[in-house]
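Here are some exercises to help you find your way around a structure that may be new to you. Try each task yourself before you read its worked solution.

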Amino acid sequence: MLKKSIWHTISSKHMQNRKKAFISIIIDSVRYAIVILIFICLSQFIVTHVIMNAYIPSASMEPGLEEGDYIIGNRMVKRYHRGDIAIFWSEDNTYYIKRVIGIGGDHIVIKNHAVYRNGKKLKEPYIKEKMLTETELEYTVPKNRYFFLGDNRNCSKDSRYWKYSFIAQKDMVAKAVFRYWPSIKKI
């Protein structure tokens, strides 16, 4: 009878220890799951509201951004300036990446292989080659709208060719910040 009682006590303590270990495993698993869930939610928030990953699908922004590059855009930007490279939603339901040439109120004239903004010829060291122009083009950018050109002007579908030449502020998504593939380069 004594042996049975000792065995019962040992067995009971063993079961209690196993229950404590099982409960400890459950609590640790829940903690890890909460940490993972917080990480996923935070990552989703950052990708949705703070940064944007973008792929350069064409040669329209060469030489600065080449076809196949990947860039990070800052979604927190609310005001875009002349010269910024921006990511925006276009009229054909596609994201575009182009350079801001004109903002609301600017008068843009394209003639003699050059761009003039408000009567002054732009100095554009970032363009790939001299722009081919056959006819003079003239635009006045409406308030809260932007006028865009690609840096590779002879190979860019941009404001010159769109049905409506201007992009609304509400369609602006992010300002390009840096290229991270194939190599890191500040834009």
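**Exercise 1.** In this predicted model, find which residues A176 touches, not counting residues up to four places away in sequence.

*Solution.* Start at A176 and set aside its sequence neighbours up to four places away; the residues it touches are then I71, I72, G73, I85 and I187. Next, look at where A176 belongs: A176, I71 and I85 are among the members of the largest nonpolar core.

**Exercise 2.** Which residues make up the largest nonpolar core, and which element gives the largest share of this core?

*Solution.* First list the members, 12 residues in all: M52, A54, I56, M61, L65, I71, I85, I87, I97, V173, A174 and A176. Then sort them by element: β1 (51-55), β3 (85-89) and β11 (172-181) are the elements that give two or more residues. Finally, pick out the largest share, which is the 3 residues from β11. As background, nonpolar side chains in soluble globular proteins tend to be buried together.

**Exercise 3.** Find the salt bridge between R31 and D28, and work out why the two residues are about one helical turn apart.

*Solution.* Begin with the distance: the side chains meet at 3.6 Å, N to O. Now look at the sequence: R31 and D28 both lie in helix α1 (residues 2-49), and because they are 3 residues apart there, about one helical turn separates them. Last, check the surroundings: R31 is exposed, with a relative accessible area of 53%, while D28 is partly exposed at 31%.

**Exercise 4.** Salt bridges also join K175 with D84 and D151 with R99. Where in the chain does each partner lie, and is each one buried or partly exposed?

*Solution.* Take K175 and D84, whose closest N and O atoms are 3.6 Å apart. K175 is in strand β11 and D84 in the loop between β2 (70-74) and β3, so this pair links distant parts of the chain, 91 residues apart. K175 counts as partly exposed because its relative accessibility is 29%, and D84 counts as buried at 11%, under the 20% cut-off.

Move on to D151 and R99, with their closest N and O atoms 2.8 Å apart. D151 lies in the loop between β9 (145-149) and β10 (167-168), and R99 in strand β4 (residues 95-103), so the pair ties together parts that are 52 residues apart in sequence. Both partners are buried: D151 has a relative accessible area of 2%, and R99 one of 9%. The count for the structure comes to 10 salt bridges.

**Exercise 5.** Which residues make a nonpolar surface patch of about 650 Å²?

*Solution.* The patch is made by F22, I23, I26, I27, V30, I34 and I38. For a closer look, choose I23, which is found in helix α1 and counts as partly exposed at 48% relative accessibility.

**Exercise 6.** Why is the ring pair of F88 and F148 stacked, and why is that of Y146 and F148 tilted?

*Solution.* The whole structure holds 13 aromatic pairs. For F88 and F148, the ring centres are 4.1 Å apart and the planes are at 25°, so the pair is stacked. F88 lies in strand β3 and F148 in strand β9, so this pair ties together parts that are 60 residues apart in sequence. Both F88 and F148 are buried. For Y146 and F148, the centres are 6.4 Å apart and the planes are at 45°, so the pair is tilted. Both Y146 and F148 are buried. To finish, trace the cluster that ring pairs make of Y80, F88, Y96, Y146, F148 and W162.

Conventions. Residues are numbered from 1 along each chain as its sequence is written. This is a predicted model: local features need pLDDT of at least 70, side-chain atom pairs count only at pLDDT 80 or more; totals for chains, interfaces and linings use all residues. Side-chain values use heavy atoms; hydrogens and water are left out. A nonpolar core is a set of buried Ala, Val, Leu, Ile, Met, Phe, Trp, Tyr and Cys residues joined through side-chain atoms within 4.5 Å. Buried means under 20% relative accessible area, exposed over 50%, partly exposed in between (1.4 Å probe, protein chains only). Helices (H or I, at least four residues) and strands (E, at least two) are DSSP runs, numbered from the N terminus. Contact means heavy atoms within 4.5 Å. A salt bridge is a side-chain nitrogen of Lys or Arg within 4 Å of a carboxyl oxygen of Asp or Glu. Patches are made of residues with over 30% relative accessible area and no salt bridge: like charges are joined within 9 Å, nonpolar side chains (Val, Leu, Ile, Met, Phe, Trp, Tyr) within 5 Å. Accessible areas come from the Shrake-Rupley method with a 1.4 Å probe; for residues, only the protein chains shown count as cover. Rings of Phe, Tyr and Trp (its six-membered ring) pair if their centres lie within 6.5 Å; planes under 30 degrees apart count as stacked, over 60 as edge-to-face and the rest as tilted.
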